[in-house]
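Biologist: Before I rely on any of the labels attached to this protein, I would like to hear how each of them is justified. Could you take me through the reasoning step by step?

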Amino acid sequence: MYIILGCDCVAMALVKNLSKSGEEEILVIDKDEQALNTLKEFNITTITADIYAYNFSSLPGKDPVAFIILQKNPKENLALIKRIKELFPDKFVLTQVTDDKESSESMAAGADRAVESARILSDAILNELESAKLRRSASKLVKVLREATNNGLAIFLQNNPDPDAIASGLALKRIAGEYGIKSKIYYGGNIGHQENKALVNLLQTDLIRLNTPDESLSIINSVDKIALIEASIPSKNNILPPDTNVHVIIDHHQTDISLVKGEFVEIMPGIGANSSIMTRYLRYLGIAPDVPLATALRYGIRVDTSGFTRNTTTEDLDAAAYLSPLVDVGLLNQIENPPMSAETMDIIGRAIRNREVRGAYLTSFVEFITDRDALPQAAELMLQMEGISTVLVFGIDKDKVQLSARSVDSRINLASLLQKAFGFMNAGGHATMAAGCIELGIFGDVTDKRSLSKITFDAVRKKFFSAAGVDIEKREIPDDLESIMNYSVKD
């Protein structure tokens, strides 16, 4: 039996819901007989009495399951809670409170749960406002996509796209297809990480790789609309030319919003994965993802939240819960457990061998690479080292220095730290995981790899440690070091 102490609008709603759920044993006590008469339609037991003077040892019916106190007298409620707990120490007691102070006092008096009605109402209003915002955003997105009926949509991903970017691009392609809009997905850089390769191969995704921004010009000029996924500014970690007019931008990374231009812009750095954002749109628009897309989105969320242990929000958990029944578990296992390439193992080995530790900071220069996707794997591994809370792993990939950073230090925002060290246009990400790419400029053609390696190592470590405020020993730096970095990095 549920014992409800007080008969107001909250009690009415609670009785109604309990009755709908099949609960028949409900008792409501209140001294207001007229209020109790309103409950007759629910065919429940009522007692007209002063709650604070009532003898609970003579309750009718079965043993109570819970007591719900809906009275609005805080002081009297505390005494009531103590009395009920003395008589029924193993029964659940829930009380209504108005603020944190009342909540603390009620819990101290023995209540199992204190519910702030104002907070519940506020949360309900916020949920409705969020739904209204999503409804408006979804309508605007569809409106922009419908304007690409003639020549279609070109979807550009961040450079070296990860599972979250790939899945998000596929989701936008699915949404566009729902409205009869043809589209293709493009990216710059490489898909080198073994799990990313497995994702693309097993899902048979049709992604088109571009080598230079010039290659994208003919694409830009041939379509009606341009979309940018997991990036927000043309040329910043993507293959688009700097002056590209982008129409749809969907991202979850920190950025300077004043620099973001588009007809539809959705930047949500508070959400752990871009795939969670895309799942929200699919659900709202009533577009059910097929098994491959659901698998890709679910995997994208897992990877970007590091197995739901980093930057995870209720939106990420809600999206993952929705997608899980639609996932091909066998396919997901194949994606998650591909063989590791020899180069990846070699890079991880170099990261361990070349590590430099300054307090809780670790940097490691892995020299020359062709697979930049091995860097985050090395960074994740280095972060497990005892006493280390922040890691930067970097290497030279052709004419660029690739950076990957990880941190578990809540005082540090990695995206801001890398931007401070290497420039806003060269780095970005989140508070706990970030990356960067620095053009070597004219020094990328240096034939003496040993000199280039030394210059790069000294320059990157110096700028990173300086931005982090970490003291490092005095080293002999080539006279042209600052000119090299200043040429490559616009601070």
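Modeller: A salt bridge, as the term is used here, is a side-chain nitrogen of Lys or Arg within 4 Å of a carboxyl oxygen of Asp or Glu. Please keep in mind throughout that this is a predicted model.

Biologist: What makes the contact between Arg406 and Glu380 a salt bridge?

Modeller: The side chains of Arg406 and Glu380 meet at 2.9 Å, N to O, and because the cut-off is 4 Å, the pair qualifies. Arg406 belongs to strand β16 (residues 400-407) and Glu380 to helix α14 (residues 374-382), so the pair ties together parts that are 26 residues apart in sequence.

Biologist: Why is Arg406 called buried, and how is Glu380 classed?

Modeller: Buried means under 20% relative accessible area, and Arg406, at 8%, therefore counts as buried. Glu380 has 25%, and because partly exposed covers the range between 20% and 50%, that is the class it receives.

Biologist: How do you know that Glu356 and Arg358 form a salt bridge?

Modeller: Their side chains meet at 3.2 Å, N to O, which is within the 4 Å limit. Glu356 has a relative accessible area of 11% and is therefore buried, whereas Arg358, with 25%, is partly exposed.

Biologist: What can be said of Asp458 and Lys454, in their separation along the helix and in their exposure?

Modeller: Asp458 and Lys454 are four residues apart in helix α16 (residues 449-468), so about one helical turn separates them. Their side chains meet in a salt bridge at 2.9 Å, N to O. Asp458, with a relative accessible area of 1%, is buried, while Lys454, with 42%, is partly exposed. Elsewhere, salt bridges that share partners join Lys143, Glu147, Lys225 and Glu263 into one network, and by this rule the count comes to 21 salt bridges.

Biologist: Why is Lys462 called partly exposed?

Modeller: Lys462, which lies in helix α16, has a relative accessible area of 33%, and because this value is neither under 20% nor over 50%, partly exposed is the class that applies. The C-alpha atoms of Lys462 and Ile472, 10 residues apart along the chain, are separated by 8.0 Å.

Biologist: What makes up the lining of the second largest pocket, by class and by element?

Modeller: That lining has 12 nonpolar, four polar and no charged residues. Val10, Leu14, Ile68, Leu70 and Leu94 lie nearest the centre of the pocket, whose lining has 16 residues and whose volume is about 320 Å³. At least two lining residues come from each of α1 (9-20), β4 (66-69), β5 (92-97) and α5 (117-146), and α1 gives the most, with five residues.

Biologist: How does the lining of the second largest cavity divide by class?

Modeller: There the lining has two nonpolar, one polar and four charged residues. Glu130, Lys133, Leu134, Ser137, Glu266, Met268 and Arg280 line this cavity, and since Asp, Glu, Lys and Arg count as charged, Glu130, Lys133, Glu266 and Arg280 are the charged ones. The largest share, four residues, comes from α5, and the volume is about 30 Å³.

Biologist: Which residues make the nonpolar surface patch of about 400 Å²?

Modeller: Leu121, Ile125, Leu126 and Leu129 make this patch, and Leu126 is found in helix α5.

Methods
Residues are numbered from 1 along each chain as its sequence is written. This is a predicted model: local features need pLDDT of at least 70, side-chain atom pairs count only at pLDDT 80 or more; totals for chains, interfaces and linings use all residues. Side-chain values use heavy atoms; hydrogens and water are left out. On a 1 Å grid over the protein atoms alone, a cavity is a set of points where a 1.4 Å probe fits but cannot get out, and a pocket is an open set with protein on both sides within 12 Å along at least five of seven lines; lining residues have an atom within 4 Å of a point. Grid points are joined across faces, edges and corners, and a volume is the space filled by probe spheres set on the points. Buried means under 20% relative accessible area, exposed over 50%, partly exposed in between (1.4 Å probe, protein chains only). Patches are made of residues with over 30% relative accessible area and no salt bridge: like charges are joined within 9 Å, nonpolar side chains (Val, Leu, Ile, Met, Phe, Trp, Tyr) within 5 Å. Accessible areas come from the Shrake-Rupley method with a 1.4 Å probe; for residues, only the protein chains shown count as cover.
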